[in-house]
Amino acid sequence: MLDVRRLRLLRELARRGTIAAVAEALSFSPSAVSQQLGVLEREAGLPLLERTGRRVRLTPAGENLVHHAEAVLERLEQADADLAEARGGLSGALRIGAFPTATRTIVPAALVALARRHPGLEPMVCETDPAEVAHALRAGDLDVALVHAYDFVPAEREPGLTTEPLYGEAMYLAEPARGASATAGTPGAPGAPGAEACPPPDQGAALRAHAASPWITATPGTLCHTMTVRACQAAGFTPRVRHRMDDFAAVLALVAAGQGVAVVPQLGATGPADPAVHLTRLVMQRRTGLAFRSGAGAHPAVAAFGAALRAAVPPDLAGSRAEA
């Protein structure tokens, strides 16, 4: 009989590529991972891995077994959900991954509602970049997480995970105002005080106007950084990045100080209007979804958090739902 824990290791090896990465993600030693995979091969009765020096890759039999492992693990998640439903009354920890703008604007209200309806549940929020969510969910470090995708950075399908759409956000070009009156009297778009209410007729022109300007982006490796670079490249230039940071409040403060321009999402531009920052609506969108392990969507705790999140989404965001 194949061992589920070893199947999970094989699945992680297929996703992460190296035994060292699997060991680091699951808090094992590389030798322990290699030993368990060797036992799995003996259980299977044929080679599952091909070893070339320090590198390994799955054989066709190994790849086929990973597909079966995905189905087995999904059924186990469904079984866990059924048991939780049968027990009745939610209790225990719910490990939640969320990115900063959602944590600041939507998650707190969802947690208040969750505590009111399910006082025995203990939500535990951890700031997690969406690029790291898939590994954290599959490793069991998170139970549920918010993820996002951009028009220029579509979400890739992650085997073993399911994502449900939550809301969409407008995107804005943030640039230093030419004077204190530059934003005064400008119609405000929902969630972005002082922003232009209508999208520009040519998004590329709005970005190309700053082809020679210094840019402020998120740190490399994040979806936000990739989004800005690709949007600029689609407009015909590569941005000259001066500052890199992931806090949109800090990004807007640098824009106000004349340190560069940036592309920011709607939730990153909430709060009192800064007369030193001019926001122009772009023909782009950021779409946020709720991700969890396949089969776990029916788990009462996951479902309860999802319902609380949807109730906490501001109406101007809920009206622009799009598939994440």
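A search of the whole structure, which is a predicted model, finds one aromatic pair. Its members are Trp215 and Phe237, whose rings are tilted with respect to one another, with 6.1 Å from centre to centre and 45 degrees between the planes. The pair ties together parts that are 22 residues apart in sequence, because Trp215 lies in strand 7 (residues 214-217) whereas Phe237 lies in the loop between helix 9 (223-234) and strand 8 (240-244). Are these two residues, Trp215 and Phe237, buried or exposed? Both Trp215 and Phe237 are buried.

From Trp215 the reader can step across to helix 9, where Thr228 is found. If residues up to four places away in sequence are not counted, Thr228 touches Trp215, Thr217 and Val263. Thr228 has a relative accessibility of 2%, and therefore it counts as buried, since the limit for that word is under 20%.

Thr228 also leads to an enclosed space, for the structure holds one cavity of 30 Å³ or more, and Thr228 is among the residues that line this largest cavity. About 60 Å³ of space lies in the largest cavity. Its lining is made up of Ile216, Thr217, Ala218, Cys224, Met227, Thr228, Met245, Phe248, Val251, Ala262, Val263 and Val264. Which elements supply at least two residues each to the lining of the largest cavity? They are strand 7, helix 9, helix 10 (248-256) and strand 9 (262-265). When the lining of the largest cavity is sorted by class, there are ten nonpolar and two polar residues, and no charged ones.

The pockets come next. The largest pocket has a volume of about 620 Å³, and it is lined by 21 residues, of which Val147, Ala155, Glu156, Arg157 and Glu158 lie nearest its centre. Helix 7 (130-138), strand 5 (144-150) and strand 6 (161-176) each supply at least two residues of this lining, and helix 7 gives the most, with six residues. The lining of the largest pocket divides into 13 nonpolar, three polar and five charged residues.

Strand 6, one of the elements that supply this lining, is also the place of Pro176. With a relative accessible area of 31%, Pro176 is partly exposed, because that value falls between the 20% limit for buried and the 50% limit for exposed. Leaving out residues up to four places away in sequence, Pro176 touches Val255, Gly258, Gly260, Val261 and Ala276. Pro176 and Thr288 are 112 residues apart along the chain, and their C-alpha atoms are separated by 28 Å.

The second largest pocket contains about 320 Å³ of space. Of the 19 residues that line it, Asp80, Ser91, Ala93, His299 and Ala301 lie nearest its centre. At least two residues of this lining come from each of helix 4 (60-87), strand 3 (92-98) and helix 11. How do the residues of the lining of the second largest pocket divide by class? There are eight nonpolar, five polar and six charged residues.

Ala301, one of the residues nearest the centre of the second largest pocket, lies in helix 11. Its relative accessibility is 5%, so Ala301 counts as buried. Leaving aside its neighbours within four places in sequence, Ala301 is in contact with Leu90, Leu94 and Leu121. By contrast, Thr52 is 249 residues from Ala301 in sequence and 44 Å from it in space, taken from C-alpha to C-alpha.

Helix 11 itself (residues 300-312) has 13 residues and reaches 18 Å from its first C-alpha to its last, which is close to the 18 Å expected at 1.5 Å a residue. Its buried residues are Pro300, Ala301, Val302, Ala304, Phe305, Gly306, Ala308, Leu309 and Ala312. In reading such a list it helps to recall that an α-helix has 3.6 residues a turn, so residues three or four places apart point the same way.

The walk ends at helix 1 (residues 4-16), which has 13 residues and spans 18 Å from its first C-alpha to its last, close to the 18 Å expected at 1.5 Å a residue. The buried residues of helix 1 are Arg6, Leu7, Leu9, Leu10, Arg11, Glu12, Leu13 and Arg16. What covers these buried residues includes helix 2 (19-26), helix 3 (30-44), strand 1 (49-52), strand 2 (55-58), helix 4 and helix 7.

Technical notes:
Residues numbered from 1 in each chain as written. Predicted model: local features only at pLDDT ≥ 70, side-chain atom pairs only at ≥ 80, totals over all residues. Heavy atoms only, no water. Phe/Tyr/Trp six-rings, centres within 6.5 Å; stacked < 30°, edge-to-face > 60°. Helix = DSSP H or I, 4+ residues; strand = E, 2+ residues; numbered from the N terminus. Buried < 20%, exposed > 50% of the residue type's maximum accessible area, 1.4 Å probe, protein only. Expected span 1.5 Å × (residues − 1). 1 Å grid on protein atoms, 1.4 Å probe; cavity = no way out; pocket = protein on both sides within 12 Å on 5 of 7 lines; lining within 4 Å. Points joined across faces, edges and corners; volume = space filled by probe spheres on them. Nonpolar A, V, L, I, M, F, W, Y, C, P; charged D, E, K, R; others polar. Contact = heavy atoms within 4.5 Å.
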